[in-house]
Each structure stands twice: as C-alpha cells, then as structure tokens.
Amino acid sequence: TLMNGYPYKSDGFNLIGDGRPVVRIRDLLGEGLPTSYSGIDGQQFVVKNGDLVIGMDGDFNCVFWKKGEALLNQRVAALKQKKKSKTISRFAFYQIPIALKVINDLTPASTVKHLASSDISALRLPCPDLDVQKAIADFLDRETARIDALVEKKRRFSELILEREEASFLRAVTGKDEDGSFSPSGCDWIGDLPEGWLAPKFLHVARLESGHTPSRKVPEYWVPEECNKPWVSLADVWQLRSGEIVYLRDTQEKVSDLGLASSSARMLPRGTVVLSRTASVGFAGILDCPMATTQDFVGWIPSRRVRSKFLYYVLRAMKPEFRRLMIGSTHKTIYMPDIRSFRTPLPPLAKQDEIVSKLDASIQTYRKVHSKLMTSVQRLTELRASLITAAVTGQIDPATYRRNGTTDQALDRIAEEMGQ
C-alpha cells in the first residue's frame, strides 16, 4: 500500500521533542529524527519499522525503515506491506532502488528531479515464492552488511588520512618538528615558534588584493572573441580537486580588457596566492599566470620575504582557524577585518624552501593512499550493486553462492589489490 506524506504546517515543527518525530526528506539517510511535530493534524500518516520510505525529490532514496514510528512529511512516501502480500518488504527493498535509478536516469530536470506517486505505483517487481524471497533477503542482508562495514571502515580511514594531512601542514609551517628552543608567537593558532622565526601579519610580507565583480551592463565586455583574460570565480573551484597542490592555470569565465577597465579590477601577477573567503571557504591556490578574481576571493602578492608556495601551505594549515572565524556566522564568510589580521609563521627563505619540499613529497604520499581507498570504496560499491541485481533477478543461487565463498573471495581480492 502506498502512503504519501502529509503537508504539516511548519510552525508546528520543533527541535525539543515536543509531539511526535517527523520524517522529512533530509532525514532519510541521517542517523536520527531531529524534528518533531506538535500539531494535531495528520496524525494518521505514520511510518513504522519495516516500511519502505522513499524520497520523492533529488536522488529518490529508498530506506528500509528502522527508526520507530514517526509522522511522514510531504515529498516522502511509504510502501506498507499488506497482510497477505505476495512480496515481503525486505525483498522489495533490494529491488526498488534498481527501478528508481532507471527512473532517475531517464528523468530530465533543470534543478531538482521529482518523483510522482504514480511512478512508484507503476513499478513491477520480480516475485518468486515467499520462501525464495526470504532466502534472498536473508542472503543480501548478511552479505551487504559485510560489504557496508568494510566500506565504512575505508571511509573512516580516508577521513583520517585527510585529517593527518591537514595536521602535517600545521606542524610543518609552524616548525613543531624542529629541534632547539621555542618562544611564543603571540598568535593562538600558530603557538610557539622556533627561535629566529617571526610571526608577522600577512600584510607585512605580501600585498593584499581584494577581488572585484566585472560589469555586465555593456555586452561588448563579454563578446567571446574579445574575452581572453582569465577571471577566477567560485565556479572554478569545482573543477579543481580540493586537497591537492593547486595551480590555477585557466578559468571557465573570461573578461575583456574593456571589462577589466570598467570593473576597476586589475590582473594579478603570476605567483599570487588566492583564498576563497565565502561559499567554498578556505580553498587556496596559486596563480600560474596573470589572472583577475571575483569578489569571493582575496589575493596576496608575496614580497621577497616569503615564497608563494609556503604562504599557500600556511593557508592550508589555517583551515581550523577559518572554521573558528565562521562560528555564529549566518553566511559562511571570512570577513575582511579578520583577513587583514591574518598572521603567518615566517622562517628564513632557505627553511621555507625546505618545508615546501617536504610537504610536496608528503602530500603525494597522502594522496596516493587516499586515492587507493576511494578506488576500493568504488569497487566495493559496484560489487554490492551487482550482487543485489544478480540475487533479486535469479541470476545466482544464494545457497550455493554462499557455500562457494564467492563473496568472501571477491572481498579478499579487492582488499589485496588495494594493498589493504
């Protein structure tokens, strides 16, 4: 039986547990149900353990419900097993995502895709005997749980790798691995520094340049054949892989000389270190050729006292500081007064070169391990999907498949190939 969600009034929602928990589309893949509803309307739209809950927007996620009784909000639907149904919920749960993926792939959308109730009602699923369905569901419960546990372990390890990488930036640029005596820097995030190191403001070692927004009022500014000056915008962040050594060599958006003149912007020279201060906050890069930037970026043109790449690594080490600066902000932004107060560790140039060389080498090691882990996760995800498809369509016999140890062999092979 298909049950659509109810359009509960938003003024009845609360986060203090008053009333009954409510399932919103954002809660499908989360750990709990943070929102409750205190109104009296729509109390019959209840989802229970064992129901199949489907998100009607976005990726059309399907969840085998295990979070207890809750009210079903709009844009979420539930399939409830009938008393004398010829299909058990656990078996249908493994089939429905396959069908929904087909619908998702074939559904055009300019922004967010929407699933209709009729799309769910029209689904046709293979229906073997109930005993066969139970055997397949038991088999998939067991095997997918093992795969999911391994995937989760690898994801946690990959997150740990990134955390260690971030910590390595901080230790290196602040000289925490150096021998000898230390003295206070006067800056909380930097802490103590080796003797002889300084902790000046960025402004004392590099010239600060804020970005600009070019005028679009005059079409000639943006004539394609005339727009040949790279213009760094947030759109360019997405084409660059966060975490790697980043050199900005080209941009998606271009502007003409006339457009630059109109916006009062200027081309920043090669070697300028730029930082995204809004949206993708903390993304840093080094300009590999003269470019201009939007107002979402600030740039520092290094003096002879600091290397561009050392300053870049300092910004990478400052990510925890960026998060602190954004606490309580409704818009994830680093504001200009804070930016003008940035301070950097400043060892001698020879030591800067040594630190940069070490970080260049270590980041490659971290990235290699992280890449292997992500490849392994992808392989496991593909194995999980193919195992489900083969089982629910009768291409494999769960009993013989299990006795032959096929899944174990596949998992062992993936682990071996990934060097885990």
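**Salt bridges, cores and a pocket**

Reader: Let's start with charge pairs: how many salt bridges does the count come to, taking a side-chain nitrogen of Lys or Arg within 4 Å of a carboxyl oxygen of Asp or Glu?

Author: This is a predicted model, in which local features need pLDDT of at least 70, side-chain atom pairs count only at pLDDT 80 or more, and totals for chains, interfaces and linings use all residues. Residues are numbered from 1 along each chain as its sequence is written, and side-chain values use heavy atoms, leaving out hydrogens and water. Side chains of opposite charge can pair when their charged atoms come close. By the rule you quote, the salt bridges number 26.

Reader: Nice. Which residue forms a salt bridge with Asp 288, and how many residues apart in sequence are the parts that the pair ties together?

Author: The partner is Arg 249, with the closest N and O atoms 3.2 Å apart. Asp 288 sits in the loop between strands E17 (284-287) and E18 (292-293), and Arg 249 in the loop between strands E14 (247-248) and E15 (253-255); strands are DSSP runs of E with at least two residues, helices runs of H or I with at least four, numbered from the N terminus. The pair therefore links parts whose separation in sequence, in residues, is 39.

Reader: Is Arg 249 buried or exposed?

Author: With a 1.4 Å probe and protein chains only, buried means under 20% relative accessible area, exposed over 50%, and partly exposed in between. Asp 288 comes out partly exposed at 21%. Arg 249 has 55% relative accessibility, so Arg 249 counts as exposed.

Reader: Which residue forms salt bridges with Lys 351 and with Lys 358?

Author: Lys 351 lies three residues from its partner in helix H10 (residues 349-392), about one helical turn away, and the closest N and O atoms are 3.2 Å apart. Lys 358 is four residues from that partner in H10, again about one helical turn, with an N to O distance of 3.3 Å. Lys 351 is buried at 17%, while Lys 358 is exposed at 53%. The partner in both pairs is Glu 354.

Reader: Turning to the interior, which helix gives the most residues to the largest nonpolar core?

Author: A nonpolar core here is a set of buried Ala, Val, Leu, Ile, Met, Phe, Trp, Tyr and Cys residues joined through side-chain atoms within 4.5 Å. The largest has 52 residues, and Trp 300, Leu 315 and Phe 342 touch the most other members. Seven residues of this core come from one helix, spanning residues 308-317, namely H7.

Reader: And how many residues are in the other core, apart from it?

Author: Phe 342 of the largest core touches Trp 300, Met 318 and Ile 334, among others, where contact means heavy atoms within 4.5 Å. Another core lies apart, with Met 56, Ala 77, Leu 140 and Leu 387 among its members, and its residue count is 30.

Reader: Last one: which element gives the largest share of the lining of the largest pocket?

Author: On a 1 Å grid over the protein atoms alone, a pocket is an open set of points where a 1.4 Å probe fits, with protein on both sides within 12 Å along at least five of seven lines; lining residues have an atom within 4 Å of a point. The volume, the space filled by probe spheres set on points joined across faces, edges and corners, is about 1500 Å³. Of 38 lining residues, Leu 29, Cys 62, Phe 93, Asp 148 and Arg 384 are the closest to the centre. The largest share, ten residues, comes from H1.

How values were computed
Lists of a residue's contacts leave out its neighbours within four places in sequence.
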